[in-house]
Amino acid sequence: MFKITLLPGDGIGPEVVNAAVKVIKLVGERFNTDFEFKTCLMGGCSYDAHGTPLTDEVLGECYSSDAVFLGAVGGYKWEDLPHQLKPEAALLKIRKALGLYANLRPAKVYEPMLSYSSLKEEILKGTDVLILRELTGGIYFGQPRGYDDGKGFNTMIYTKDEVVRIARKAFEYARVRNKKVASVDKANVLEVSQFWRKVVIEVHKDYPDVQLQHMYVDNAAMQLVRDPKQFDVVLTSNLFGDILSDIAAMITGSLGMLPSASIGSKYALYEPVHGSAPDIAGKNIANPIAAISSAAMMLKYSFQMDKAAELVEEAIENVLTKGYRTKDIYKEGDKLVSTDEMTNNIIEEFDTVCANHSLNVFTL
Ligand code: IPM
Ligand code: MN
């Protein structure tokens, strides 16, 4: 039995988490696995209820579960709150508290979505990049930090242990992919980057079968849109990864399609990369694919259910091939569907692919 803490959050978060839960439940039935869910507040909704975007009780729930599944946090309503009470502060707090230092943001184009990107199809076709972003260090957390009337300042700092552990992850993921790591830094200007590069080179000695390349972040941003196929694993620090992962997301067509996993040595959290989109909340029009795909990542990385994860991805791709689109990815001629319809289509398709792979299929 696997215990999953659900943090639906704000805006469209609850709708897309709902969609993911439906899929996970079906996977449980088909793969004879029990999943237990516990729903908790995080973000603006937690602030409204408790005066803080993340309570210790909720953190406690996360510590005692096998995986955490997050929707999205934030909204106009909470924008003017002081920094530490904003919904986004809860995100940073939970990452740090659970030690989620490795953020995986895979940018892979679904075949039927090739013509939906702002990039040309021939540039995109075959793109399969894993942005591996360091998530609990760097300038996001470095001290000293602050501002007064005359200045504002932050500190970009990495310790050796922090770089070693994320570099190891990069080489390990590359090993089971296309055996290439591009480590992104700004070593021509920043000492912290010179240090990062030195440590990555040291760690690489243990992975001679993986090819290592270093790239300055400005060049990496350009290369990602010029020729994304050249990349396999992109290893980056917290801030650079934040920026590069948005670029990588967009090359795949829509931010509404991108899943993520944040993994530490003990805990893991899964969430769609998109935000809370308060303008379309509650309208049953949000795209549930990023959330469902994040659920597939959870099956793979937290529960070692690789086959189930593969079949969920296959179901998503088939539904897209059949022309179903939520509003954010709709083009004339497509079949426009709601959040619920898209989810139900994926669920039905999942049963079909299970049958095709001759797994036990019972009637729903
Ligand atoms: C992300 C977001 C967050 C980040 C914000 C909301 C704190 O942009 O997950 O990429 O900067 O890490
Ligand atoms: Mn971001």
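At what angle do helix H6 and helix H7 pack, and how far apart are their axes? In this predicted model, helix H6 covers residues 160-175 and helix H7 covers residues 191-204; the angle between them is about 50 degrees, and the axes are 9 Å apart. That angle makes H6 oblique to H7, since angles from 65 to 115 degrees would count as roughly perpendicular and those under 35 as roughly parallel. As for handedness, the crossing of H6 and H7 is right-handed.

Which residues do the touching? On the H6 side they are Lys160, Val163, Val164, Ile166, Ala167, Arg168 and Phe171. Across from them, H7 brings in Phe195, Trp196, Val199, Val200, Glu202, Val203 and His204. Sorted by character, the residues of this contact come out as 10 nonpolar, 1 polar and 3 charged.

Zooming out, the domain assignment splits the protein in two. Domain 1 is written in two pieces, 1-117 and 255-364, while domain 2 runs over 120-252. Measuring from C-alpha centre to C-alpha centre, domain 1 and domain 2 lie 24 Å apart. Their contact draws on 24 residues from domain 1 and 25 residues from domain 2.

Next come a few spots where the backbone does something worth a look. One is the peptide bond joining Gln143 and Pro144, which is cis, with omega at about 0 degrees. Pro144 itself sits in a loop, with strand E5 (128-134) on one side and strand E6 (146-147) on the other.

Two other residues have a positive phi without being glycine. For Ala277, phi is about 40 degrees. This alanine belongs to the loop that links strand E12 (268-272) to helix H10 (289-301). Is Ala277 buried, partly exposed or exposed? Its relative accessible area is 25%, so Ala277 is partly exposed: buried would mean under 20%, and exposed would mean over 50%.

Gln304 is the other case, with a positive phi near 50 degrees. Its place is the loop between H10 and helix H11, the latter spanning 306-321. H10 therefore borders both loops: the one holding Ala277 comes before the helix, and the one holding Gln304 comes after it. How accessible is Gln304? Its relative accessibility is 58%, so Gln304 counts as exposed, whereas Ala277 is partly exposed at 25%.

Technical notes:
Residues are numbered from 1 along each chain as its sequence is written. Chains are lettered from A and ligands numbered from 1 in the order in which they are written. This is a predicted model: local features need pLDDT of at least 70, side-chain atom pairs count only at pLDDT 80 or more; totals for chains, interfaces and linings use all residues. Side-chain values use heavy atoms; hydrogens and water are left out. Helices (H or I, at least four residues) and strands (E, at least two) are DSSP runs, numbered from the N terminus. Buried means under 20% relative accessible area, exposed over 50%, partly exposed in between (1.4 Å probe, protein chains only). Axes are lines fitted to C-alpha atoms, for helices over the stretch in contact, and angles run from 0 to 180 degrees between N-to-C directions. Angles under 35 degrees count as roughly parallel, over 145 as roughly antiparallel, 65 to 115 as roughly perpendicular and the rest as oblique. A crossing is left-handed if the near helix is turned anticlockwise from the far one by less than a right angle, and right-handed if clockwise. Contact means heavy atoms within 4.5 Å. Ala, Val, Leu, Ile, Met, Phe, Trp, Tyr, Cys and Pro count as nonpolar, Asp, Glu, Lys and Arg as charged, and the others, Gly among them, as polar. Domain bounds come from an automatic or database domain assignment.
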